[in-house]
Structure formats: C-alpha cells, structure tokens
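Welcome! Take a moment to turn the structure around on your screen, and then let us walk through it together.

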Amino acid sequence: MSAGNLFSSFTLGALTLPSRIAMAPMTRCRATNPAIAPTPMMVEYYGLRADAGLIISEGVPVSPQARGYAFTPGLYSAEQVAGWQAVTHEVRKQGGRIFAQLWHCGRISHGSLRDDNAPPVGPSAIAANGKSMALDRATGQAALTQCEAPRALSTAEVKGVVGEFVQAAKNAVAAGFDGVEIHGANGYLLDQFRCPYLNDRKDAYGGSLENRCRLHLEIAREVAAAIGKERVGIRLSPHGQANDMKPDPEPMKTYGYLAEELQKLGLVYLHLYDQSTSWIHDPDDALLRLIRGKFTNALMLCGGFTGRKAEAALAAGSGDLVAIGKPFISNPDLVSRLRQGVELSPWDSKTFYLGGHSGYLDYPTFTV
Ligand SMILES: Cc1cc2nc3c(=O)[nH]c(=O)nc-3n(C[C@H](O)[C@H](O)[C@H](O)COP(=O)(O)O)c2cc1C
C-alpha cells in the first residue's frame, strides 16, 4: 500500500474513509442503566466525533461473562442493540462511519458485574495482579477493585466464546455498525490465551504458538464468515504489559505468525497498539516491518500520535491509518482541528471513566 497524506481518502472494504485518522476505541463507562445499554448521552458523544475517518467504539462486551468493568454497554441483548442503533444512526446522519470493538475481558473482571456473581474466566486459573471496575450493588457505584481469581474455561466453553463473538458481530450489523474490531489486545481474553506465561492448557488452545493463537484465528475466521471479511478488523498490542502481562518472549515469531494467518483470512485491517508509544514511531523497527510485510491489507497504528507524527508514519510507509485516542476525548472535532492547525484542548483523566456528563459532553467543538 502506498503512503498517503493524513487528509487523503482511503478505501477500507466497502467504505471510503475521508481521512486516515481513526478514533481509537475508548471505554467511558457511561451506560449507567439496568440494561447496560447505550444512552442518549452516548448518541450525542459519538455523533460529535463523526468527523473521524472511522470511529472505533469503546470496548463492547460480547456476553455477561465477558464483562470486566461496570457500565460498559454490551451487544448481547435487544435493549443494547436498540441503544447502539441510535448511536450508529446519529453517526451516519453526521456523515461518519463506526465499527464496534468486540471485547471479552477474561480474567480482568469481577463477579459483582454479573447477576449470579459468576467469577471471571480465563485460559487458566491464574489470577491477575490488577484491577477492574467492580460494581457495588448496594450503592450502585463502581469502584476500582482487585480482579477476582478466574476459573479455566473448558474446551467446550472456549468454542462457546467463539459463538459469542459471532453473535455479537451479527448484532453489531443489526445495530447499524459498518463493521467490527476484534479486541485481541491489552491483556484481555485473547491476549491471555496468547501469553505462554498465563496459558497452561493441555488442550488444542494451549502449548504451541499455533494452539495459543487458535482462539484469535477461530474468532476471526467465524466472524468474517458471518458478516464478511471486509467488515472485520482486529487489534493487537505487541510487547504490551498492561493488565499484568509480561512481554511475549518471542515477539517476532508470535506476531509474525498472527500477521500472516490474519492476512490469509483477509481481515480488512490489523490495528497495532504500542502501549509504550515508542517502536510504533520508528519506521525501521524490526517487528513493525515484519508485520507490515506479512499483513498486506490495511495496517492501523496507535499509541501517542500527534498530527505531525501521524504524517511522518504515513510518509514512511509504516501504516495506512492512524488511530488517535485521548485527544479525541477533549477535541470532538479533532480531524478538523488538525487540518486547520487549531490548538488542541487538554483532557482530564479524572473523568475518563467517571463523571456522567462532565468530561464527556462538555468539551466544546471548535467553530470557525
Ligand atoms: C479512557 C480510555 C479508555 C480506553 N479504552 C480502550 C478500549 O475499550 N479498548 C481498547 O482497545 N483500548 C482502549 N484504550 C486505549 C486507546 O484505544 C489507545 O490505544 C490509547 O489511548 C493510546 O492512544 P493515544 O496515545 O492516542 O491516547 C483506552 C484508552 C483510554 C485513555
């Protein structure tokens, strides 16, 4: 793929993106209703950001068991599908495009998030030394709480997880999303299966690299078969350490394999998130080059991008698209601001996950 200017259009499957800038997926925990469905506030929030080349929604749990944080709107009930329909309708009305990020938190979770208090699940019964956003049912408040120990999924249950992703993808299409991004990053369920330190399974989903990546590839294959490969992307976070992960001991082998197999499945994009905001900005980085060589559909880069850094990455041919996160929180019309060179507003991390309207709908849009 040729390098392009940040504000040039890009063909992504059946979509024409008007710029190379995507809004990165960002959990905002604003679905504070019993159905855990998108709200009118969320309709407004996403509609205001429709000038992104592509919006990727916040992580959307594919089932009750997939939940890891309070107030994160799912895609497994009729009320949730209806809520998302209002969101996608507004984004489209404002001229935008939106993918849903399909999410299973695995062991980064807490029983309080489920009606039956079911504990988290994972590849193995190895607890995370980390926190999830648990729910205090007595007060209805969320609080960062130590993750509970998971139980290991049975082989049949792993197949069930694949089915949950497929159903959520179909629900996403029914809700009017343009496509889905499979969340394979950041220490959540798929990443947990990949990790040789966390996965001690003896079945077809543990042991060899092929087995540890089987869940990614089965989900990718079956979701693509259900809704069309031109509507399916996936996110990975090579070298990531968030959520109590250790860096992969053989990143070239692991991510080279995944990139090659995901390309064979023909997914429309591969989204790479560099949590350290370092190697993704180096066009000579060996892993980035390896992945770029093996995954030849659209490559999306994320992690600490400014307009200038995004232009540099595209000019160097490191990727085709750039996803930007935090600046989109405090600058709803980020793409217009970057295009016009308007100064960006700072974000307030205290209201990332809490605060209702505050820090969510009170960042002004720049008007000329
Ligand atoms: C408030 C917040 C919520 C996030 N939620 C998600 C999420 O749901 N799924 C995901 O893959 N990444 C999530 N991320 C990571 C972002 O997608 C992005 O990779 C990160 O912010 C780095 O990009 P930036 O430097 O442009 O902000 C989140 C980040 C923030 C700040």
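This briefing goes from the whole chain to its ligand shell, and then to some helices, strands and loops.

Keep in mind that this is a predicted model. The chain holds 11 helices and 14 strands. Its radius of gyration is 19 Å, which agrees with the value near 21 Å that a compact globule of 368 residues would have.

**The chain as a whole**

- Along the principal axes, the C-alpha atoms fit in a box of roughly 55 × 50 × 35 Å.
- Of the 368 residues in the chain, 49% are buried.
- Among contacts with a separation of 6 or more, 74% link residues that are 24 or more positions apart.

**Around the ligand**

- A shell of 20 residues surrounds the ligand, and the closest are Ala-24, Thr-27, Gly-59, Gly-325 and Lys-326.
- By type, the shell has 9 nonpolar, 8 polar and 3 charged residues.

**Helix 2**

- Helix 2 has 16 residues, which at 1.5 Å a residue should span 22 Å; the C-alpha atoms at its ends are 22 Å apart, so the two values agree.
- Its buried residues are Gln-80, Val-81, Gly-83, Trp-84, Val-87, Thr-88, Glu-90 and Val-91.
- These buried residues pack against helix 1 (40–48), strand 4, strand 5 and helix 3.
- Just after helix 2 comes Gly-95, with a positive phi of about 90°.

**Helix 3**

- Helix 3 covers residues 155–174, and its 20 residues reach 29 Å from first C-alpha to last, close to the expected 28 Å.
- Which residues of helix 3 are buried? They are Val-158, Val-161, Glu-164, Phe-165, Val-166, Ala-168, Ala-169, Asn-171 and Ala-172.
- What do the buried residues of helix 3 pack against? Their partners are helix 2 (78–93), strand 5 (98–103), strand 10 (179–183) and helix 6 (214–227).
- Gly-176 follows helix 3 and has a positive phi, near 95°.

**Strand 10 and its partners**

- In strand 10, 5 of the 5 residues are buried.
- Gly-179, Glu-181 and His-183 point one way from the strand, while Val-180 and Ile-182 point the other way.
- Strand 5 runs parallel to strand 10, and 4 bridges join them. Within this pairing, Ala-100 has Val-180 as its bridge partner in strand 10.
- Strand 11 (residues 232–236) also pairs with strand 10 in the parallel sense, over 4 bridges. Here Val-180 has Val-232 as its bridge partner in strand 11.

**A hairpin**

- Strand 7 (residues 131–136) and strand 8 (residues 141–146) run antiparallel and are joined by 6 bridges.
- One pair to look for is Ser-132 with its bridge partner in strand 8, Thr-145.
- The two strands form a hairpin with 4 residues between them, and Gly-140 in the turn has a positive phi of about 75°.

**Two residues with a positive phi**

- Most residues other than glycine have a negative phi.
- Phe-71 is not a glycine, yet its phi is positive, near 65°. Find Phe-71 in the loop between strand 4 (54–61) and helix 2.
- Is Phe-71 buried or exposed? Phe-71 counts as buried because 21 C-beta neighbours lie inside 10 Å, and the cut-off for buried is 20 or more.
- Thr-277 also has a positive phi, about 45°, although it is not a glycine. Look for Thr-277 in the loop between strand 12 (269–273) and helix 8 (286–294).
- Thr-277 is partly exposed, because 13 other C-beta atoms lie within 10 Å; a residue with 12 or fewer would be exposed.

**A pair from separate parts of the sequence**

- Where is Glu-260? Glu-260 is in helix 7 (residues 251–265).
- With 14 other C-beta atoms within 10 Å, Glu-260 is partly exposed.
- Glu-260 and Lys-294 are 34 residues apart in sequence, while their C-alpha atoms are 5.1 Å apart in space.

Technical notes: Residues are numbered from 1 along each chain as its sequence is written. This is a predicted model: local features need pLDDT of at least 70, side-chain atom pairs count only at pLDDT 80 or more; totals for chains, interfaces and linings use all residues. The radius of gyration is taken over C-alpha atoms; the globule rule is 2.2 Å times the number of residues to the power 0.38. Two residues are in contact if their C-beta atoms, placed from the backbone, lie within 7 Å. A residue is near a molecule or strand if its C-beta atom, placed from the backbone, lies within 6 Å of it. Ala, Val, Leu, Ile, Met, Phe, Trp, Tyr, Cys and Pro count as nonpolar, Asp, Glu, Lys and Arg as charged, and the others, Gly among them, as polar. The expected span of a helix is 1.5 Å times one less than its number of residues. Two strands pair if DSSP finds at least two bridges between them.
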